[in-house]
Amino acid sequence: MSEPVNPTPETPGPTPETPGVPPETVPAPETDADRDAEARRAASFERQRRLRQEPRFPGGPAADPAGSHHERRIRSFQPRRSRVTTGQEEALQRLWPTWGLDIDGKSVIDLPTLFDGLPVVLEIGFGMGEATAQMAADDPTTGILAVDVHTPGQGNLLGLADRAGVSNVRVANGDAIILLREMLEPASLDGLRVYFPDPWPKKRHHKRRLIQPEFLDLVARCLKPGALVHCATDWEPYAEQMLDVLTAHPLYENTQADGGFAPRPSFRPLTRFEGQGLDKGHVVHDVLFTRR
């Protein structure tokens with residue numbers, strides 16, 4: 001007699017008799033109201049996406065100048081689109097076509113033409129631009145290519161430079177890494193200034209700090225021999241990192257015989273932000289190296 005064949009067991013559906021298994025739920029039919037709400041959400045998302053890609057001011061700085069034609073990377077800055085005053089808006093609309101440029105990575109900048117033959121210093125991150133405008137007025141024989149992504153600061157710097165009657169400042173909008181890598185000729189810069197960059201104090205964010213060996217490699221290509229690299233920060237752990245990274249790099253040499261920090265040079269103004277930090281007991285460190 002042959003043995004009985006066991007049939008393939010079927011998985012029982014959820015029933016009230018199956019403990020711990022909820023009864024089968026049937027999704028409610030989609031209503032016209034549901035479809036309308038989803039359409040409104042999709043339209044809002046698309047509107048916000050377009051706004052992020054469009055300039056806030058026609059003829060002014062682009063929202064995302066490099067667009068999607070450059071690879072995404074860990075950024076050392078956090079774009080801010082805070083409120084623009086009437087004066088800043090007026091300066092952007094009036095002066096950006098003459099003194100502003102977008103970092104789109106599509107062409108190489110002719111610095112001698114842009115600055116009428118002046119030696120050019122690159123400043124990365126100028127905040128509201130007070131110190132930049134002051135340095136430009138104090139030294140009209142040096143051009144300053146000032147890079148930032150903060151729209152109110154861009155407008156403020158343009159307005160300050162215009163009121164001071166200086167013409168040796170150009171304001172660049174976008175990612176300084178793309179500028180250095182794609183848009184500047186080798187040995188085209190006479191200096192680099194990085195004042196009070198974001199310290200990214202949390203350990204997991206240290207990789208976002210701007211002053212890193214890879215960044216210094218990129219900068220070295222664009223600097224002339226003897227060009228001055230000047231960094232300043234009131235965040236002591238970051239100051240120590242700046243000093244260590246620059247000291248370890250073979251293409252840079254400390255201007256200080258003892259290999260340490262430098263006193264604040266007279267050409268770097270004491271900014272309002274720095275003064276507030278000093279009042280709170282912060283210690284500001286300057287790091288000055290030259291390109292070998």
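Is Glu-253 buried, partly exposed or exposed, and what is its relative accessibility? In this predicted model, Glu-253 has a relative accessibility of 41% and therefore counts as partly exposed.

## The Glu-253 and Arg-292 pair

Glu-253 forms a salt bridge with the side chain of Arg-292, at 3.6 Å from N to O. This pair joins distant parts of the chain, since Glu-253 belongs to strand β7 (residues 252-254) and Arg-292 to the segment after β8 (285-291), 39 residues apart. Arg-292 is likewise partly exposed, with a relative accessible area of 49%.

## A buried pair: Asp-286 and Arg-268

Asp-286 and Arg-268 also meet through their side chains in a salt bridge, with an N to O distance of 2.8 Å. Asp-286 is part of strand β8, whereas Arg-268 lies in the loop between β7 and α9 (272-279), so the pair ties together parts 18 residues apart in sequence. Both Asp-286 and Arg-268 are buried.

Arg-268 has a further partner: it lies over the face of Tyr-195, at 5.8 Å from the ring centre.

## Helix α2: geometry and packing

Helix α2 comprises 14 residues (residues 86-99). At 1.5 Å a residue, the helix should span 20 Å, and the separation of 19 Å between its end C-alpha atoms agrees with that expectation. The helix nevertheless carries a kink of about 40° at Gln-93, shortly before the proline Pro-97.

The buried residues of α2 are Gln-88, Ala-91, Leu-92, Leu-95, Trp-96 and Trp-99. These buried positions pack against β1 (100-102), α5 (151-164) and β4 (169-173).

## Charged side chains on helix α2

Side chains of opposite charge can pair when their charged atoms come close. On α2, Glu-90 and Arg-94 form a salt bridge of 2.5 Å, N to O. The two residues are 4 residues apart in the helix, and therefore about one helical turn separates them.

Both members of this pair are partly exposed: Glu-90 has a relative accessible area of 36%, and Arg-94 has one of 41%. Glu-90 and Arg-94 are also linked with Asp-162 in a network of salt bridges.

## Aromatic rings and overall counts

The structure holds 8 salt bridges, among them the pairs Glu-90 with Arg-94, Arg-292 with Glu-253 and Asp-286 with Arg-268. A search of the whole structure for aromatic pairs, by contrast, finds 0.

Aromatic rings do take part in contacts with charged groups. The charged end of Arg-170 sits over the ring of Phe-115, 5.2 Å from its centre, and Arg-268 is placed over Tyr-195 as described above.

Note on methods: Residues are numbered from 1 along each chain as its sequence is written. This is a predicted model: local features need pLDDT of at least 70, side-chain atom pairs count only at pLDDT 80 or more; totals for chains, interfaces and linings use all residues. Side-chain values use heavy atoms; hydrogens and water are left out. The expected span of a helix is 1.5 Å times one less than its number of residues. The bend at a residue is the angle between axes fitted to the seven residues ending there and the seven starting there. Buried means under 20% relative accessible area, exposed over 50%, partly exposed in between (1.4 Å probe, protein chains only). Contact means heavy atoms within 4.5 Å. Rings of Phe, Tyr and Trp (its six-membered ring) pair if their centres lie within 6.5 Å; planes under 30 degrees apart count as stacked, over 60 as edge-to-face and the rest as tilted. A charge sits over a ring if NZ of Lys or CZ of Arg is within 6 Å of the ring centre and within 35 degrees of the ring normal. A salt bridge is a side-chain nitrogen of Lys or Arg within 4 Å of a carboxyl oxygen of Asp or Glu.
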